[in-house]
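Biologist: I would like to learn how to read sheets, cavities and pockets in a model. Can we work through one example together?

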Amino acid sequence: MTELSIHGGANTASARLGRLAIYGALAIFAAFYLMPLAVMVMTSLKDLDDIRTNSLLALPERLTTFAWSHAWNEACIGTECTGLAPYFVNSLVMAIPAVAISTFLGALNGYALTKWRFRGANLIFGLLLFGSFIPFQVVILPMAQTLGFMGLSSSVAGLVLVHTAYGINFTTLFFRNYYVSLPDDLVRAATIDGAGFFTVFWRIVLPLSPSIIVVTVIWQFTQIWNDFLFGASFTSGGSQPVTVALNNLVNTTTGVKMYNVDMAAALIAAAPTLLVYVVAGRYFIRGLTAGAVKG
Amino acid sequence: MAASALDIRDVRKDFGATSVLKGVSLSLAPGEFLVLLGPSGCGKSTLLNMIAGLDPITAGEIAIDGRVVNQVHPKDRDIAMVFQSYALYPNMSVAKNIAFGLEMRHIDRAERERRIADVSALLQIDHLLKRKPSQLSGGQRQRVAMGRALVRDPKVFLFDEPLSNLDAKLRVDMRTEIKKLHRRLGTTIVYVTHDQIEAMTLATRIAVMRAGVIEQLATPQQLYDEPANMYVGGFVGSPPMNFIPATLVENGSALAVRFAVGPQGAGGEVTLPLVDTPAAARGYVGKPVVFGLRPDALTDFSDAEAMLRPHGQRLDVEVDVLEPTGAEALTYVTLGGTTAIARVNARRAVDVGETASLLADMSHARLFDPDSEQAIG
């Protein structure tokens, strides 16, 4: 990044004051946005006495990881007191294959739609685009019937199928727009060299796609991991994803409300998406702007 | 007769109602260097893609080495192509790029290595084999693209404007290099360009194309000396051929062209006798014709020049514009009411407004029908 000086560079008192105002405002906004996260983290590290007696914004008197371990493997969700752990595993078992399959199919679709333009390709792309504007709620009932028909009701495999099907629209859109900017001559040259549809895909197109793969994976993982509606609609009991389990944990606790456990559980449920952003975030920005500049 | 390397028989290409190629036929002997020359949109690249098999043929037949390939997949046509954009695989090293076609054909590693070494030595890119295309200069990429074609040793090489992305100096160097390669390897090449100098320097034969048809298919010299029509005469050569509106008249037993000289005919009329007029020209006596004369056949009049050009005719005309280019000066004059250009020795050039004595070499004259624009005879 290069720094551009838009103002003339006159280092006057008013200019400095302006800077101060800008940074002051930014600091206030940052603090405002970080506050809920800070409160969550602090509350999750307090014990219940601390929470009852002290202010919401006060720092913990004694640090304790009780709430974290309790949320992970002791808290009661419904009638089962297993903590979030098994549901967290459910979410992983759901999200990883769904992300992988939908990303792969999106890449294949995008490649076929841009580099092997067949009759009706634009129509198919239009329909796919249309699919990404269909709200979740509309498909719940037919999807439930389909899953029942396929014998996948109330299973993680069913959720994988639903998320894959629902994700293909988006992944295809991403890959298609990326591959439009790949020169067609590459495919033509490879065709003359003797490579077929899949060889070109594996050997030439896919190796040129890391940035768009990262973008798609982040997008899909966030969508699928955070999904609540499909999880709540199509699963029950032991096959629920972590988002649904979190809801049940928070809503069905009897007796004393354990705010610290709720907070820890929420943080646990949110951790994987945060992790994905941190690890792949810089590719995300790069990928979103890829193709905007030639080269 | 030996099988020709490439036969194109009445090939057509339609996109819906629009015809891009309106029946093209040509035949290429092994070792020929054919240049498809024409402005953008004339169908030359489409024809090349159809030879490669990248575009389907609407009608007609294409045969490579005697085998009709209309239904043959590009990879089985025994051709290799060099693209304008080079189309190097960005994710592969230079060596991998060159060997990709061999790998796809299941040629074993040792043989691949040997052929990479041969080709990279030939093109002087051996030191670049481990690099990625993004680490190469334009000229180096061009060489790698050629290496990828050469390594396959196909029956026919196809070049799609391969030099148009290079800067002027490099383009001239690579042009020479391609010519040398062709000499050395004796391969059959079909080469598409819109650059007539590239075409003239490289080709053994040129097909000048316009709007989906071949206007003329001839050697570079024939094309220059005997253009089949005014389009070819105007497209090939820089500056283009002069087209002077004139009247064909009888001059004793021979024929001659008569036209006005100077702006608004201020210099009166001249009658220049023709040499070796074709029989067909007899029918045009008394009628308007277009008198075509290359700028290098319209030069300064010196006694020495006149001696060397026995069919030279003297022409005195006022100079409109003078463009010195160093060795020679392009002298613009008005002949037959239109501008004509003469190539004059810069040291004998005459200033604007003065009268130049020009020598028209009538042995290089060419007559065209003003309506059909086709050459007479």
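Modeller: We will take strand pairing, then enclosed cavities, then an open pocket. Keep in mind that this is a predicted model.

Biologist: Start with sheets. What holds strands together in general?

Modeller: Strands of a sheet pair through backbone hydrogen bonds, and the pairing is either parallel or antiparallel. Now take the case here. In chain B, six strands form an open sheet, ordered β6-β7-β8-β3-β9-β10.

Biologist: Is the pairing in this sheet parallel, antiparallel or mixed?

Modeller: The pairing is mixed.

Biologist: Which strands of chain B stand at the edges?

Modeller: β6 and β10 (213-218) of chain B do. Each has a single partner strand, so one side of each lacks a neighbour in the sheet. As for twist, neighbouring strands of this sheet are turned by 20 degrees against each other on average, direction ignored.

Biologist: How many bridges join β9 to β10 in chain B?

Modeller: Five bridges join β9 (residues 205-210) to β10(B), and the two run antiparallel. For the register, look at Ala207(B): it stands opposite Leu217(B) in β10(B).

Biologist: Give me another pairing to trace.

Modeller: Try β1 (residues 6-15) and β4 (residues 59-64) of chain B. They pair in the antiparallel sense over five bridges. Asp7(B) stands opposite Ala63(B) in β4(B). Ala63(B) also stands opposite Val68(B) in β5(B). β4(B) pairs with β5 (residues 67-68) of chain B over two bridges, again in the antiparallel sense.

Biologist: What should I look at in the hairpin of β4(B) and β5(B)?

Modeller: Look at the turn. Two residues lie between the strands, and Asp65(B) takes a positive phi near 55 degrees.

Biologist: Now cavities. How many of 30 Å³ or more does the structure hold?

Modeller: Two. A cavity is a space where a 1.4 Å probe fits but cannot get out. The largest has a volume of about 70 Å³.

Biologist: Which residues line the largest cavity?

Modeller: Among them are Met146(B), Leu150(B), Phe157(B), Phe159(B), His182(B) and Thr187(B). α4 (138-150), β7 (156-160) and α5 (168-185) of chain B each give two or more residues. The largest share, four residues, comes from α5(B).

Biologist: How does the lining of the largest cavity divide by residue type?

Modeller: Eight residues are nonpolar, two are polar and none is charged.

Biologist: What about the second largest cavity? Which residues line it?

Modeller: The lining includes Ala189(A), Ile192(A) and Asp193(A), along with Met81(B), Phe83(B), Arg148(B) and Arg152(B). About 60 Å³ of space lies in this cavity. α8 (184-193) of chain A, with β6 (79-82) and α4 of chain B, each give two or more residues to its lining. α8(A) gives the largest share, three residues. By type, six lining residues are nonpolar, none is polar and three are charged.

Biologist: Last, pockets. How much space lies in the second largest pocket?

Modeller: A pocket is an open set of points. About 840 Å³ of space lies in the second largest one. Of its 26 lining residues, the closest to its centre are Arg117(A), Arg188(A), Leu54(B), Asp55(B) and Pro56(B).

Biologist: Which element supplies the largest share of this pocket's lining?

Modeller: α8(A), with four residues. α4 (85-115) of chain A and β1 of chain B each supply at least two. The lining divides into 10 nonpolar, eight polar and eight charged residues.

Technical notes. Residues are numbered from 1 along each chain as its sequence is written. Chains are lettered from A and ligands numbered from 1 in the order in which they are written. This is a predicted model: local features need pLDDT of at least 70, side-chain atom pairs count only at pLDDT 80 or more; totals for chains, interfaces and linings use all residues. Side-chain values use heavy atoms; hydrogens and water are left out. On a 1 Å grid over the protein atoms alone, a cavity is a set of points where a 1.4 Å probe fits but cannot get out, and a pocket is an open set with protein on both sides within 12 Å along at least five of seven lines; lining residues have an atom within 4 Å of a point. Grid points are joined across faces, edges and corners, and a volume is the space filled by probe spheres set on the points. Ala, Val, Leu, Ile, Met, Phe, Trp, Tyr, Cys and Pro count as nonpolar, Asp, Glu, Lys and Arg as charged, and the others, Gly among them, as polar. Two strands pair if DSSP finds at least two bridges between them. Axes are lines fitted to C-alpha atoms, for helices over the stretch in contact, and angles run from 0 to 180 degrees between N-to-C directions.
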